[in-house]
Amino acid sequence: GDSCEVNEYGAVDPLCVTATMDAAETTRIELTDFQKARFGEVFDLVDSNGNGQISVSELADYLRSMGHPIPSSHFEKLFKECGWDNDDDGQLSRNEFYMLMQSSLLADLPTRLVHVLVAAHAAAVATSSSGTIGRDELLPLLRAAGIPLREGISTNELIDVIDNNSSGNV
């Protein structure tokens with residue numbers, strides 16, 4: 001069918017979710033304010049002349065200072081071929097830098113998966129006395145929602161990525 005049944009705990013059959021996901025229907029995952037603030041600090045470090053743009057040479061110089069001597073010509077190619085520089089001015093604006101950082105961290109998610117996650121979260125929060133999901137509840141929730149997780153994944157890693165106010169809860 002068109003949809004997967006969600007039980008009272010927000011769990012669905014993972015095979016149903018996988019079978020009904022349409023790759024063309026995705027939900028763009030945006031950076032949190034916290035992530036933007038941290039990436040903004042990095043942007044300001046790399047933008048050594050303070051003009052609000054990161055040039056190829058600034059990026060190469062910064063990475064060289066961090067022990068990664070990558071030639072500027074490599075970044076010129078990446079700026080053009082990978083679509084980092086949306087306006088083709090040879091530099092990265094703050095927003096272009098955010099988009100680059102976002103693409104390196106996250107992929108857009110199938111919309112059906114987003115709906116499954118939202119339903120599972122809502123069901124878990126409804127039964128929680130705090131109105132949030134803590135670190136110890138996250139992995140079981142994701143597994144119950146049919147989200148395949150690699151073995152050994154840390155709840156702390158997941159919470160740190162999605163906890164935009166650093167409270168330890170989502």
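A residue is called buried here when its relative accessible area is under 20%, and exposed when that area is over 50%. The structure described below is a predicted model.

## Overall make-up

The protein chain has 170 residues, and 36% of them count as buried. Its accessible surface is about 10400 Å². Carbon and sulfur atoms hold 54% of that surface.

Eight helices and four strands make up the regular elements of the protein chain. In sequence order, these elements give the pattern α-β-α-β-α-α-β-α-β-α-α-α. Among contacts in the protein chain with a separation of 6 or more, 54% join residues that are 24 or more positions apart.

## Two residues of helix H2

Helix H2 covers residues 33-46, and Val 46 belongs to it. Is Val 46 buried or exposed? Its relative accessible area is 3%, so Val 46 is buried. Apart from residues up to four places away in sequence, Val 46 touches Ile 54, Glu 58, Leu 59 and Tyr 62. Val 46 and Asp 61 are 15 residues apart along the chain, and 8.3 Å separates their C-alpha atoms.

Phe 43 is also part of helix H2. Because its relative accessibility is 0%, Phe 43 counts as buried. Which residues is Phe 43 in contact with, leaving aside its neighbours within four places in sequence? They are Gly 52, Gln 53, Ile 54, Leu 92, Ser 93, Arg 94 and Phe 97. The C-alpha atoms of Phe 43 and Leu 59 lie 9.6 Å from each other, and these two residues are 16 residues apart along the chain.

## Helix H3 and its packing on H4

Helix H3 takes in residues 56-65, and helix H4 takes in residues 72-81. Their axes are 9 Å apart, and the two helices pack at an angle of about 125 degrees. H3 is therefore oblique to H4, since an angle that is not under 35 degrees, not over 145 and not from 65 to 115 counts as oblique. The crossing in which H3 passes H4 is right-handed. On the H3 side, the contact is made by Val 56, Ser 57, Leu 59, Ala 60 and Leu 63. On the H4 side, it is made by Ser 72, Phe 75, Glu 76 and Phe 79.

Within H3, the buried residues are Val 56, Glu 58, Leu 59, Ala 60 and Leu 63. The cover over these buried residues includes H2, strand S2 (53-55) and H4. Two of them, Glu 58 and Leu 59, are among the residues that Val 46 touches. After H3 comes Gly 67, with a positive phi near 90 degrees.

## The two sides of helix H4

Which residues of H4 are buried? They are Phe 75, Leu 78 and Phe 79. These residues lie on the same side of H4, because they cover an arc of only 100 degrees around the axis. The elements they pack against are S2, H3 and S3. Lys 80 and Glu 81 are exposed, and they sit on the face of H4 turned away from its buried side.

Just after H4, Gly 83 has a positive phi of about 75 degrees.

## Asp 88 in the loop after H4

The loop between H4 and strand S3 (91-93) contains Asp 88. What is unusual about a positive phi in a residue that is not glycine? Most residues other than glycine have a negative phi. Asp 88 is not glycine, and its phi is positive, near 55 degrees. Its relative accessibility is 64%, so Asp 88 counts as exposed.

## Helix H7

Helix H7 spans residues 135-144, and its residues Leu 138, Leu 139, Leu 141 and Leu 142 are buried. They are on the same side of H7 because the arc they cover around the axis is only 165 degrees. Gly 146 follows H7, and its phi is positive, near 85 degrees.

Technical notes:
Residues are numbered from 1 along each chain as its sequence is written. This is a predicted model: local features need pLDDT of at least 70, side-chain atom pairs count only at pLDDT 80 or more; totals for chains, interfaces and linings use all residues. Side-chain values use heavy atoms; hydrogens and water are left out. Buried means under 20% relative accessible area, exposed over 50%, partly exposed in between (1.4 Å probe, protein chains only). The arc is that of the directions from the helix axis to the C-beta atoms. Contact means heavy atoms within 4.5 Å. Accessible areas come from the Shrake-Rupley method with a 1.4 Å probe; for residues, only the protein chains shown count as cover. Axes are lines fitted to C-alpha atoms, for helices over the stretch in contact, and angles run from 0 to 180 degrees between N-to-C directions. A crossing is left-handed if the near helix is turned anticlockwise from the far one by less than a right angle, and right-handed if clockwise.
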